[in-house]
Every structure is written in C-alpha cells, then in structure tokens.
Amino acid sequence: MSADHIVFGAAAMPEPDRDWLAAAERLPIDSIWQGGHIVPPSPTGEAITRLSLMVAWTERVRVGTATLLLPLYHPVIVAKQLADLDARSGGRVSVGLGVGGEFRHEFEAVGVPLSERGPRTDEAMDVLRALWRDEPVDHEGTHFRFRDLHLRPVRTSDDAASMRPGGPPLIVSGRKGPAVRRAARRGDGWMPYLMSPHAYARSVTAIRAEADAIGRDLTGFEWTMYLYCSVRRDGDRAREEVADFLGGAYGDKPGAMLNRIAPAGTPDEVAVRLQEYVDAGVRHFIIAPATRTDTLEVVRLAAEEVLPRLEVPAEIAR
C-alpha cells in the first residue's frame, strides 16, 4: 500500500449478507472485513466462517478477518483454511489477528491458558508463514511440534486461482505494547481499534523504533485503523448512535472519550476527524458502522463524501 494513498474498507456488520456485500462492492471501497468469536455471548458468527461467506459472496474487494483470535486455533488447521480461502478468492484474503482475552470462557473451552495467548500467537504466526512456503516444514516450538509437514493449498479445477506466494498478509490488531511489538517484529501491518489519533501516532513511532532496533525494513507495511464511527446527514443522530452502540458494547464511556476514539457526525465533521488519523499515519481505514440500523448508508457516506476530503500531508506525499 502506497504511503501517499488513502483507501477505505468496511466492516460487514452485524453479519455478512449477500445483498449488503454486493451493494458495498459497488462503492469506492477496497476491502470488507469481519471477525468473530468461537463461543460469543450473543448469537453471532465465527471469524473463519464469516470470512468464507465473504469470499463466496464478493468478487472484487479484498476480504479480511477483523479480527481472528489466533491463540484459540491450532495453527496447522487455520493455515490450511486460510490458504484454501486465499486460493479460492484469487489472492484477496487478509488476516487481521489478535490475542483476544475479553471472554475468558473461550480460552477455557478450548484448553488454552489465558496467560499463554501472547506467546501462542507469536509462535502461530511463525507456523503460518512456514507452512505457506509450500515446502516441507519441521517445527519444534513451545506450543506446537511437527515434522516434515507440507501444506498444499487447494487448486481450482481450471487452476485459475491460487494462494499468493507466501500466503495472505498478517495484520496485527490490538492497542497495547505487546501488540505493537508483535506488529513491528512479525506483522505485515498494524490495525488498532478504539484509539485516538494521538495514540495512533505514538504507536507508529513505537513500531518504527522497534523495527529499526531489529533491522527490519517496513516497506509495504500496512498502516490500518479499525474505526467505529457513524456518518449521517443528521450529525446529532450519528453521535447518538455511537453513544448507544459503544455504550452497550464496551461499557459506559463519557462523550469526550467517544469523540476521541469514534468519530461521528456529518460527512464534513467526520472528515475533519479522519484527517487527524491520516496526519498520524493511517492509510487504510476500516469503517465499522457504530449503529444497529442502515449500516450501508454509513459506509456509503464515508466512501463517497468523506474519503475524497482526505489528503496525505504534503511532506509525506513528496
């Protein structure tokens, strides 16, 4: 992704829907994302299942998990699932991944100690990349062990589609120090959420410093932001939607805090807020409509009326 180019994606909320996806693909967006839990507290989907639907029901856009809670999965199984989906999609899959932890019972249900979620995620990322090299692999790690394992992605009947060499990109999600370090050391990109522009700028500085310390070149690294927001012609309605949506999902948050982390208002008002994120380093926004009704209209207004107002700072564009 070019540092002088801004793109928008969308979260397919509340569930991937064939008609919604078809309409979203007609908008000027580049990607569609959805995550999920294994045993969520509500009747909602799981990340790989949702990703499969998005692969099947889209043709043009990149599709991704936002997020896949990687420590809950055995990496050999998920490596095969993601490789097959990337091949079936013609190389359109991206993997937004995180460590989770907000629902402790999920870890208990699959026998994964909560204290191991970070190390398991790091090792699983290494396993995914090794298996996606399309060659026999030996792995002797702390949590996973196997010998002479050769993962072969599915081939379509006409061999028109195949997994990209090296597999899908791994985009690290999170907000705290370990996630920042994981992105710098192992990720193909950074995708935080519920983060202010100032905090995003600090994370960019931290990732670059960590990468420099280990001698890693971040060329091609994806600076993404998963952004809860609402864009409406009626700005007051948009602000009410965000307060109601995030209040229910993440606990009561004061209005001043919501204003910092979840932009809401008219297209003009939201464009001002998103420009702050662009100035902080964001180049790929995933618009997550913070509303329970007419989510496609939020995405449409964002893509058609907010995106054209955003500009990469001149000193970077040069």
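Here is a short chat about helix packing and burial in this predicted model.

Visitor: Why is H3 called oblique to H5?

Guide: Helix H3 (residues 75–89) and helix H5 (residues 117–131) pack at about 45 degrees, with axes 9 Å apart. Angles under 35 degrees would count as roughly parallel, and 65 to 115 as roughly perpendicular. The angle fits neither class, so H3 is oblique to H5.

Visitor: And which hand does the crossing of H3 and H5 have?

Guide: Right-handed. On the H3 side, the contact uses Pro 75, Val 76, Val 78 and Ala 79, while H5 brings Ala 124, Val 127, Leu 128 and Leu 131.

Visitor: How do the residues of that contact divide into nonpolar, polar and charged?

Guide: There are 8 nonpolar residues, with no polar and no charged ones.

Visitor: What makes Asp 122 count as buried?

Guide: Its relative accessibility is 19%, and the cut-off for buried is under 20%. Therefore Asp 122 counts as buried. This residue is found in H5. Leaving aside residues up to four places away in sequence, Asp 122 touches Arg 182 and Arg 186.

Visitor: How do you know that the buried residues of H2 line one face of the helix?

Guide: In helix H2 (residues 47–57), the buried ones are Ala 47, Ile 48, Arg 50, Leu 51, Met 54 and Val 55. Looking down the axis of H2, they fall within an arc of 160 degrees, so they line one face.

Visitor: What covers the buried residues of H2?

Guide: The cover includes helix H1 (18–25), H3, and the strands S2 (31–33), S3 (62–69) and S4 (93–98).

Key:
Residues numbered from 1 in each chain as written. Predicted model: local features only at pLDDT ≥ 70, side-chain atom pairs only at ≥ 80, totals over all residues. Heavy atoms only, no water. Axes fitted to C-alpha atoms, helices over the stretch in contact; angles between N-to-C directions. Helix = DSSP H or I, 4+ residues; strand = E, 2+ residues; numbered from the N terminus. Parallel < 35°, antiparallel > 145°, perpendicular 65-115°, else oblique. Left-handed = near helix turned anticlockwise from the far one by under 90°. Contact = heavy atoms within 4.5 Å. Nonpolar A, V, L, I, M, F, W, Y, C, P; charged D, E, K, R; others polar. Buried < 20%, exposed > 50% of the residue type's maximum accessible area, 1.4 Å probe, protein only. Arc of directions from axis to C-beta.
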